Amino acid sequence: MHRKVKIDTGEKKWAPYSPGISVRDHIWLSGQIGVDSGGDIESQMKGTLGKIDILLEAANSSKKDLVKVTILMTDIGNYGIINKIYGEWLEDVLAPSRAAYEVPNLPANALVEIVCEAFRGLEVE
């Protein structure tokens, strides 16, 4: 039997959802936003990535286990800044597959939202 486990750090949520769900070694993180980190794209991007780190840690995982990341942004003009911060965050980790889209609006007037999927305990070849 497989068990669905909620991953939650107790932070404020903007809607009825689970911040993350884990089934066996598969982890799905809901879209994370960093509006509480500041009003500019750099602050929000760093805050969002920090939340992802915390949620992955709560799931006994880390960014090294990421396999798919989707980045939503309200201004494609921020793509360069987002890529720079994202690349620095990944450090020496094998980059997961990724998609990035411009969208007209995000919850709570966020400038960026990131959705992730990971498999716990991956070995890199």
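1. In this predicted model, the backbone oxygen of W89 lies 2.5 Å from a polar atom of the side chain of K63. K63 itself is placed in the loop between α1 (41–58) and β4 (66–73), and it counts as buried because its relative accessibility is 14%, where the limit for that class is under 20%. Leaving out residues up to four places away in sequence, K63 touches D53, L56, W89, E91 and V93, so that W89 appears both in this list of contacts and as the owner of the backbone oxygen mentioned above.

2. The pairing of the strands may be taken next, beginning with β2 (residues 20–23) and β3 (residues 26–33), which pair in the antiparallel sense over four bridges. These two strands form a hairpin with two residues between them, and R24, which sits in the turn, has a positive phi of about 55°. Within the pair, I21 stands opposite W28 in β3.

3. Strand β6 (residues 112–119) is joined to β3 by six bridges, and the two strands run antiparallel; here Q32 has I114 in β6 as its bridge partner. β6 also pairs with β4, again in the antiparallel sense, over seven bridges, and in that pairing the bridge partner of M73 is V112 in β6.

4. Concerning the interior, the largest nonpolar core holds 23 residues, of which M45, L49, I52, I71, Y86 and I114 touch the most other members. At least two residues of this core are supplied by each of β3, α1, β4, α2 (79–90) and β6, and the largest share, six residues, comes from α1. Apart from this core lies another, of five residues, among them I33, V103, L106 and A110.

5. I114 deserves a separate entry, since it is named both among the core residues that touch the most other members and as the bridge partner of Q32. Residues up to four places away in sequence not being counted, I114 touches S30, G31, Q32, M45, T48, L49, I52, V69, T70 and I71.

6. How do the two helices lie with respect to each other, in terms of the angle at which their axes cross? The axes of α1 and α2 come within 10 Å and cross at roughly 35°, and α1 passes α2 in a right-handed crossing. The contact is made by I41, E42, M45, K46, L49, I52 and D53 on the side of α1, and by I81, I82, I85, Y86 and W89 on the side of α2.

7. I85, a residue of helix α2, counts as buried because its relative accessibility is 7%. Its contacts, with residues up to four places away in sequence set aside, are E42, M45, K46 and L49, and these four are also listed for α1 in the contact between the helices. The C-alpha atoms of I85 and Q44 are separated by 11 Å, although the two residues are 41 residues apart along the chain.

8. Is L29, in strand β3, buried or exposed? L29 counts as buried because its relative accessibility is 4%. Leaving aside neighbours within four places in sequence, L29 is in contact with P19, G20, I52, L55, L56, V115 and C116. L29 and W89, which are 60 residues apart in sequence, are 17 Å apart in space, C-alpha to C-alpha.

Definitions and conventions: Residues numbered from 1 in each chain as written. Predicted model: local features only at pLDDT ≥ 70, side-chain atom pairs only at ≥ 80, totals over all residues. Heavy atoms only, no water. Pairing = 2+ DSSP bridges. Buried < 20%, exposed > 50% of the residue type's maximum accessible area, 1.4 Å probe, protein only. Polar contact = N/O pair within 3.5 Å; in protein donor to acceptor, adjacent residues only side chain to side chain. Contact = heavy atoms within 4.5 Å. Core = buried A, V, L, I, M, F, W, Y, C linked by side-chain atoms within 4.5 Å. Axes fitted to C-alpha atoms, helices over the stretch in contact; angles between N-to-C directions. Left-handed = near helix turned anticlockwise from the far one by under 90°.
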